[in-house]
Amino acid sequence: MKLLIINGPNLNLLGNREPGTYGNETFESYFQKLQENFPNVELDYYQSNIEGEIINRLQAADGEFDGIVLNAAAYTHTSIGIGDAVKAISTPVVEVHISNTAAREEFRHRSFIAPNAKGVILGFGLQSYELAVRSFL
Ligand code: DQA
């Protein structure tokens, strides 16, 4: 089983960014634990603040992975391009969010990814990623 985690804009700042909403842990630290917890899963990680780079990574990942865990962050709510890329590829994508976007501002309720995702996991903190990984097992 080979899975790719893609994180979008500002998620490189996890640990320092709005800790009340996103917690105190860096993604690098969490990712290391995730790899240790799933020794039989080959886990790759990619982060970009740039919309087109996320689209390029999704396209390049098609057929190379069994699944993709995607937190497109703010682009979730704005990017028709990322939504179209998720639709265009055949590798299944699970959308994740650290926070419960449904309980936050109205503009975070809309997702251009969800209609083409295998499923959506939100609101479990960084554990959302672990739940997404488990959904592929
Ligand atoms: C987020 C939720 C988004 O609304 C926000 O723009 C983010 C992070 C989350 O994981 O909770 O950057 O995707």
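Okay, let's start with charge. This chain carries 10 positive and 16 negative side chains, and the centres of those two sets sit 4 Å apart. Keep in mind as I go that what you have on the screen is a predicted model.

On to the surface. The chain exposes about 6600 Å², and 47% of that is supplied by carbon and sulfur atoms. As for what's inside, 46% of the 137 residues count as buried.

Now the overall fold. We've got five helices and five strands. Reading from the N terminus, the order goes β-α-α-β-α-β-α-β-β-α. The C-alpha trace spans about 35 × 35 × 25 Å along its principal axes. Does that go with a compact globule or against one? With 137 residues, a compact globule would have a radius of gyration near 14 Å, and the chain has 14 Å, so the two agree. And if you take contacts with a separation of 6 or more, 77% of them are between residues 24 or more positions apart.

Let's go inside. The largest nonpolar core has 23 residues, and the ones touching the most other members are Ile5, Phe27, Leu34, Leu43, Val69 and Tyr129. Which elements give two or more residues to that core? Those are β1, at 2-7, α2, at 27-37, β4, at 93-97, and α5, at 127-135. The largest share comes from α2, with four residues. There's also a second, separate core, this one with 18 residues, and its members include Ile54, Ile82, Ala85 and Ile89.

Stay with α5 for a minute, the helix Tyr129 belongs to. The buried residues there are Ser128, Tyr129, Glu130, Ala132 and Val133. So, yes, a serine and a glutamate are on that list. What do the buried residues of α5 pack against? They go up against β1, α2, β2, β3, β4 and β5, with β2 at 42-47 and β5 at 119-122. If you click on Tyr129 itself and skip residues up to four places away in sequence, you'll find it touching Ile5, Asn7, Leu11, Phe27, Tyr30, Leu34, Val69, Asn71, Val96 and Ile98. Three of the names we just had for the big core, Ile5, Phe27 and Leu34, are in that set.

Next, helix α4, and Val86 in particular, which is found there. Buried or exposed? Val86 has a relative accessible area of 3%, and the cut-off for buried is under 20%, so Val86 is buried. Beyond residues up to four places away in sequence, Val86 touches Leu58, Leu70, Val93, Ile113, Asn116 and Ala117. For a sense of distance, take Tyr46, which is 40 residues from Val86 along the chain: their C-alpha atoms are separated by 16 Å.

Just past that helix, in the loop between α4 and β4, is Thr91. Thr91 is buried as well, at 6% relative accessible area. Where does its C-alpha sit relative to Asp62? The two are 29 residues apart along the chain, and their C-alpha atoms are separated by 5.4 Å. Asp62 is also one of its contacts: leaving aside neighbours within four places in sequence, Thr91 is in contact with Ala61, Asp62, Gly63, Phe65, Asp66, Gly67 and Ile68.

On the other side of α4 there's another threonine in a loop, Thr76, between β3, at 67-71, and α4, at 80-88. Its relative accessibility is 1%, so Thr76 counts as buried. What does Thr76 touch? Apart from residues up to four places away in sequence, the list is Glu95, His97, Arg110, Ser111, Phe112 and Ile113. And Ile113, you'll remember, was a contact of Val86 too.

Last stop, the loop between β1 and α1, with α1 at 19-22, where you'll find Asn10. Asn10 isn't a glycine, but it has a positive phi, about 75 degrees. Glu18 is in the loop between β1 and α1 as well. Its phi is positive too, near 35 degrees, and again we're looking at a residue other than glycine. How much of each is accessible? Asn10 is partly exposed, with a relative accessible area of 35%, and Glu18 is partly exposed at 43%. If you want to look at the backbone afterwards, those two non-glycine residues with positive phi are Asn10 and Glu18.

Technical notes. Residues are numbered from 1 along each chain as its sequence is written. This is a predicted model: local features need pLDDT of at least 70, side-chain atom pairs count only at pLDDT 80 or more; totals for chains, interfaces and linings use all residues. Side-chain values use heavy atoms; hydrogens and water are left out. The radius of gyration is taken over C-alpha atoms; the globule rule is 2.2 Å times the number of residues to the power 0.38. Buried means under 20% relative accessible area, exposed over 50%, partly exposed in between (1.4 Å probe, protein chains only). Contact means heavy atoms within 4.5 Å. Accessible areas come from the Shrake-Rupley method with a 1.4 Å probe; for residues, only the protein chains shown count as cover. Lys and Arg count as positive and Asp and Glu as negative; His and the chain ends are not counted. The place of a charge is taken as NZ of Lys, CZ of Arg, CG of Asp or CD of Glu. A nonpolar core is a set of buried Ala, Val, Leu, Ile, Met, Phe, Trp, Tyr and Cys residues joined through side-chain atoms within 4.5 Å.
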